[in-house]
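Colleague: I have some questions about the labels on this model. Can you take me through the reasoning behind them?

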Amino acid sequence: MDLTIGEVAERSGLSVHALRFYEKEGLFANPVRRTATGRRVYHEEDVEWLAVCTKLRSSGMSLAAIRQYVELARQGAGNEKERLSLLRAHEEQVLAQIRELTECLSVIRYKVGIYESALDRGEANELWNPSHTEPVGLTGTTEDCHRAAA
C-alpha cells in the first residue's frame, strides 16, 4: 500500500520536515520512491524502519552511526558482524546513560525526601538557602547525595 508523506508523518510521529531531512541524510533503509509528478511514495516497511531509526536516534545514536548502519543493511548479507558491532556499541552507550540517569534519580529522590520531611515537620525554613554563608540544617550534603546514589 502506497503512503503519502503526510500519512507517514502521522503514523511515525515525525514531521514532514523531519522525513525530508531523514531522506536527505540517507537514513531510510530503502530509497524513497517518487511518482511521475515528484511526490514521495512510502510503504509500510518505511514506517517500520522509521520506528527503529527514531528509537536509535532518541537513545543517542549519532546520525553518522545510523547512516553507517543503514548503508551496511543496504549492502545485504555478509556484514552482519559489523551491524552487530554498531548495535552493541550503542547498547553500551545506552546502558551507561541509564546508569547515569539512575544515579541522578537517586539524588533527586534523596532531595525530595529531605524537602518532604522538612515540610511535614514544619521546618522548611531550615532548608539550605544559597544566600546564607553557612548551610542551615537539613541540607543533604553532596556527600549524602552521592551515598544515596550508590
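**Helices and core**

Modeller: Keep in mind that this is a predicted model. Start with helix H2, residues 16-24. Its buried residues pack against helix H1 (5-12) and helix H3 (44-58).

Colleague: Which residues of H2 are called buried, and why?

Modeller: Ala-18, Leu-19 and Tyr-22. Buried means under 20% relative accessible area, so each of these falls under that cut-off.

Colleague: How do you know that they line one face of H2?

Modeller: Look down the axis of H2: the buried residues fall within an arc of 100 degrees, so they share one face. His-17 and Lys-24 are exposed, on the other side of H2.

Colleague: What puts the buried residues of H1 on the same side?

Modeller: Those residues are Ile-5, Val-8 and Ala-9. Their arc around the axis is only 105 degrees, so they sit on the same side of H1. In general, an α-helix has 3.6 residues a turn, so residues three or four places apart point the same way.

Colleague: What do the buried residues of H1 pack against?

Modeller: H2, strand S2 (40-41) and H3.

Colleague: Why is Leu-19 counted in a nonpolar core?

Modeller: Such a core joins buried nonpolar residues through side-chain atoms within 4.5 Å. Leu-19 is in the largest one, which has 25 residues, and is among those with the most contacts inside it, as are Val-8, Tyr-22 and Ile-66.

Colleague: Which helix supplies the largest share of this core?

Modeller: H4, with 6 residues. H1, H2, H3 and H4 (63-75) each supply at least two.

Technical notes: Residues are numbered from 1 along each chain as its sequence is written. This is a predicted model: local features need pLDDT of at least 70, side-chain atom pairs count only at pLDDT 80 or more; totals for chains, interfaces and linings use all residues. Side-chain values use heavy atoms; hydrogens and water are left out. Buried means under 20% relative accessible area, exposed over 50%, partly exposed in between (1.4 Å probe, protein chains only). Helices (H or I, at least four residues) and strands (E, at least two) are DSSP runs, numbered from the N terminus. The arc is that of the directions from the helix axis to the C-beta atoms. Contact means heavy atoms within 4.5 Å.
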